[in-house]
Amino acid sequence: MQDRTYTADAEPGETVTVAGWVHEVRDLGGIAFLILRDTTGRIQVKFEKDEMDDDLVETGLGVTRESVVSVTGAVDEEPRAPTGVEIVPDSVDVISAADPELPLDPSGKVDAELSTRLDNRTLDLRKSEVQAIFSIRATILEAARERFRELRCTEITTPKIVATGTEGGTELFPITYFGQEAFMNQSPQLFKQLIAGSNVERVFEIGPIFRAEEHNTPRHLNEATSIDFEGAFCDHHDAMDVAEAVVTAAYEAVAENCRDELETLDLADDFEVPEGDFPRLSYEEAIERINATGELDDQLVWGDDLPTEGEKALGDDVGGHYFITDWPSEIKPFYIKDHDDDEQLSTGFDLMAPRMELVSGGQREHRYEHLVAGFEQQGLDPDQFEYYTKMFRYGMPPHAGFGLGGERLVMTILDLPNIREAVLFPRDRQRLSP
Ligand code: AMO
């Protein structure tokens with residue numbers, strides 16, 4: 001809109017046109033106020049009924065909440081107004097009237113169920129707390145990109161329609177690709193490795209991953225955002241260093257750039273940036289410590305995956321971010337390299353935040369024969385992966401990397417109770433639209 005002024009920029013003495021949503025109309029009798037909201041904040045528009053044109057007063061005060069209006073008028077200083085200024089209108093235009101009945105209350109005075117909120121995300125996002133989450137999410141992704149670039153990584157994007165899965169067959173979404181079976185990609189895993197094996201060496205990707213997880217939990221999505229790293233001539237220690245640097249950078253950026261949003265979310269007073277040097281516990285130590293908490297009915301034994309309750313118990317015990325390293329080879333995917341001196345033990349690692357897995361990664365198997373043997377051990381057909389394995393015959397450096405869950409990062413930084421709060425339009429068992 002030409003000549004539109006944001007509410008935050010309206011200065012006393014000017015005549016301006018502001019445009020936005022009707023937050024509230026407050027009629028006090030002889031005087032009434034329309035509170036107009038735009039992306040920068042709110043401004044009070046004053047109607048003195050006896051001194052103004054009747055039509056103008058009727059338009060301004062008859063408009064329904066959340067309608068889109070533009071107001072032209074003089075800006076006056078007014079210490080009693082919430083922002084210290086108010087507009088005395090010459091004209092009010094109703095650009096798009098809202099229905100009088102709204103499915104949820106954007107002023108937040110009336111609580112709504114999460115499902116109602118997600119069905120009406122446009123209205124939900126008019127609430128400052130919800131906007132704060134997504135503004136912080138944008139800052140987090142920006143900080144991750146910046147830190148990767150500082151670490152000499154190149155941003156890549158890889159196909160989401162693929163011929164093979166990488167993270168377990170049962171979690172694949174099949175689709176039809178011109179009559180041929182295809183899948184939505186579970187992870188950029190194989191592609192990022194193929195590019196790390198080129199001269200590009202260090203890459204990162206921030207993009208969607210698709211998991212046909214059957215369970216509906218507060219920490220799982222069927223479409224998530226993965227923050228992936230892969231680096232040539234890196235081992236699992238280097239990859240853990242990068243994961244730590246990216247997670248810490250996200251916290252630092254939020255602390256530095258999102259003071260107002262943290263205030264809005266009531267988190268400003270207690271917000272802490274983790275100090276780094278996250279402890280690195282071996283899987284063996286992890287199961288011993290979980291068993292020692294006495295929180296599980298059955299003791300864990302070597303080879304067990306960690307149950308959610310175990311992760312929570314150990315997270316409480318450690319109290320901050322920590323890595324779990326040296327996982328049993330048999331429970332890590334085929335592309336993770338085993339330790340040279342013990343092939344029962346893998347270089348795979350997870351980063352816990354601290355009660356939930358945030359990252360998993362490891363050094364990769366870069367030796368062709370070992371890689372192909374690994375497929376067979378996991379019951380996979382190496383022929384199907386020939387497009388990938390073939391490149392390991394033409395000079396593949398040692399390399400390592402990780403995948404970091406974008407929504408889980410936002411969720412843990414802001415202590416959100418449900419991962420769906422961290423994604424605009426979540427995909428889960430019940431939700432395919434909007
Ligand atoms: P993994 O399957 O552990 O590893 O995924 C990596 C990280 O992605 C996030 N994540 C999810 N977040 C929400 N909902 C889901 N359904 C979901 N699934 C995964 C988690 C998890 O830690 N290729 C490997 C990574 C690698 O080795 O580089 C992989 O995908 O935060």
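**Close-ups of a strand and a ligand site**

**View 1. Strand β16 pairs with β17 in the antiparallel sense, over four bridges.** This is a predicted model, and β17 runs through residues 357–363. To get from β16 to β17, the chain makes a hairpin through four residues. Look for Leu351 of β16: Val359 in β17 stands opposite this residue.

**View 2. Strand β16 also pairs with β13, again in the antiparallel sense.** Here there are three bridges, and β13 covers residues 322–325. Leu351 turns up once more, with Phe323 standing opposite.

**View 3. Strand β16 is covered on both faces.** The strand is made of residues 349–352. Phe349 and Leu351 sit on one side, Asp350 and Met352 on the other, and all of them are buried.

**View 4. The ligand has 22 residues around it.** The closest are Gln189, Lys192, Glu357, Ser360 and Arg364. Sorted by class, the shell holds seven nonpolar, seven polar and eight charged residues. Strand β17, the hairpin partner of β16, gives the largest share of the shell, with five residues.

**View 5. Now zoom in on some atoms by the ligand, starting with Gln189, which has a polar side-chain atom 2.6 Å from a ligand nitrogen.** Lys192 places a polar side-chain atom 2.7 Å from a ligand oxygen. With Gly405 it's the backbone that counts: an N or O atom there lies 3.2 Å from an oxygen atom of the ligand. On its own, the ligand has 630 Å² of accessible area, and the protein covers 93% of that. The elements giving two or more residues to the shell are α5 (189–196), β17 and β18 (399–405).

Notes:
Residues numbered from 1 in each chain as written. Predicted model: local features only at pLDDT ≥ 70, side-chain atom pairs only at ≥ 80, totals over all residues. Heavy atoms only, no water. Buried < 20%, exposed > 50% of the residue type's maximum accessible area, 1.4 Å probe, protein only. Pairing = 2+ DSSP bridges. Near = heavy atom within 4 Å. Polar contact = N/O pair within 3.5 Å; in protein donor to acceptor, adjacent residues only side chain to side chain. Areas by Shrake-Rupley, 256 points an atom, 1.4 Å probe, with all protein chains shown as cover. Nonpolar A, V, L, I, M, F, W, Y, C, P; charged D, E, K, R; others polar.
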